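Grab your viewer and work through the exercises below. Each one sets a task and then walks through a solution.

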Amino acid sequence: MTLELGPDDKRMKLRYAGSCRLCGRAHGAGAEAIYERARKAIRCVECDKTAVEAPPVEVVGGEAGASARREYERRRDAREQRIRGEHPKLGGLILALSDDPQSTKAWERGAVGEELMAKRTSTTSR
Ligand SMILES: [Zn+2]
């Protein structure tokens, strides 16, 4: 996964003009964008949203439920980070009062479903 919001990624007003590494759109100085310090690259806020909302491209095997669970946690954390970034003072309150978006919840349901399925399968195969 290359689109995760790393600890060095920061939503900010650009000091210099640049273009998004994902869609190539140009952004002038002063425009708001996500700066990836590790890559020294920027991406648009819109692209960042797309990256968060888009379903995972790869379906990984391994522990049942782990992939969906991880995706749910990734989305939940990304949302929390975004809200806290946008509302430094009220972020915690907003998070406490609001609910996860449906798209994020679907992933949590998916994780629970996968785990149940795994439990059932392992019981019957024993
Ligand atoms: Zn972009």
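**Exercise 1. Get the overall bearings: what is the accessible surface, and how do the elements run?**

Step 1. Start with the surface: the protein has about 8,600 Å² of accessible surface, and carbon and sulfur atoms own 55% of that. Keep in mind that you're looking at a predicted model.

Step 2. Now the elements. There are 4 helices and 5 strands, and reading from the N terminus the order is β-β-β-β-β-α-α-α-α.

Step 3. Check the burial. Of the 126 residues in the protein, 27% are buried.

Step 4. Finish with contacts. Take those between residues at least 6 apart in sequence: 43% of them join residues at least 24 apart.

**Exercise 2. Work out the zinc site: which protein atoms are the donors, and what is the geometry?**

Step 1. List the donors. They are the SG atoms of C20, C23, C44 and C47, at 2.1 to 2.3 Å from the zinc ion.

Step 2. Test the angles. To count as tetrahedral, four donors need all angles between 85 and 135 degrees. The angles among the 4 donor atoms here are 107 to 114°, and the site is tetrahedral.

Step 3. Write the spacing along the chain: C-x2-C-x20-C-x2-C.

Step 4. Place one pair on the fold. C20 sits in the loop between strand 2 (18-19) and strand 3 (26-27), while C44 is in strand 5, so this pair ties together parts 24 residues apart in sequence. C20 and C44 are both buried.

**Exercise 3. Sort out the salt bridges: how many are there, and what do some of the pairs link?**

Step 1. Apply the cut-off, a side-chain nitrogen of Lys or Arg within 4 Å of a carboxyl oxygen of Asp or Glu. That gives 12 salt bridges.

Step 2. Take D9 and R43, whose side chains form a salt bridge at 3.5 Å, N to O. D9 belongs to strand 1 (residues 9-13) and R43 to strand 5 (residues 41-44), so the pair links distant parts of the chain, 34 residues apart. Both D9 and R43 are buried.

Step 3. Next, R11 and E32, with a salt bridge at 2.6 Å, N to O. R11 is in strand 1 and E32 in strand 4 (residues 32-36), so parts 21 residues apart in sequence are tied together by this pair. R11 is partly exposed at 35% relative accessible area, and E32 is partly exposed too, at 36%.

Step 4. For a pair within one element, try E71 and R74, which meet at 3.2 Å, N to O. They are 3 residues apart in helix 2, which means about one helical turn separates them. E71 and R74 are both buried.

Step 5. Go back to D9 and R43 and follow the links: together with R21, E36 and R39 they make up a network of salt bridges.

**Exercise 4. Inspect A33: is it buried or exposed, and which residues does it touch?**

Step 1. Locate A33: strand 4.

Step 2. Check the cover. The relative accessible area of A33 is 0%, so it counts as buried.

Step 3. Collect the contacts, leaving aside neighbours within four places in sequence. A33 is in contact with K10, R11, M12, L14, R43 and V45. R11 and R43 also turned up in the salt bridges above.

Step 4. Add a distance: the C-alpha atoms of A33 and G18 are 9.7 Å apart, with their positions 15 residues apart along the chain.

**Exercise 5. Look at K40: what is its phi, and where does it sit?**

Step 1. Recall the usual backbone. Most residues other than glycine have a negative phi.

Step 2. Compare K40, which is not a glycine but has a positive phi of about 55°.

Step 3. Place K40 in the loop between strand 4 and strand 5. With a relative accessible area of 69%, K40 is exposed.

**Exercise 6. Find the nonpolar patch on the surface: which residues form it?**

Step 1. Pick out L90, L93 and L97, which together show about 330 Å² of accessible area in a nonpolar surface patch.

Step 2. Zoom in on L90, found in the loop between helix 2 (66-86) and helix 3 (91-97).

Step 3. Classify L90. Its relative accessibility is 47%, so L90 counts as partly exposed.

Conventions
Residues numbered from 1 in each chain as written. Predicted model: local features only at pLDDT ≥ 70, side-chain atom pairs only at ≥ 80, totals over all residues. Heavy atoms only, no water. Patch = residues over 30% accessible without salt bridge, like charges linked within 9 Å, V, L, I, M, F, W, Y side chains within 5 Å. Areas by Shrake-Rupley, 256 points an atom, 1.4 Å probe, with all protein chains shown as cover. Helix = DSSP H or I, 4+ residues; strand = E, 2+ residues; numbered from the N terminus. Buried < 20%, exposed > 50% of the residue type's maximum accessible area, 1.4 Å probe, protein only. Donors = N, O, S within 2.8 Å, 3.2 Å for Na, K, Ca; no water. Tetrahedral: all angles 85-135°; square planar, octahedral: opposite > 155°, others 65-115°. Contact = heavy atoms within 4.5 Å.
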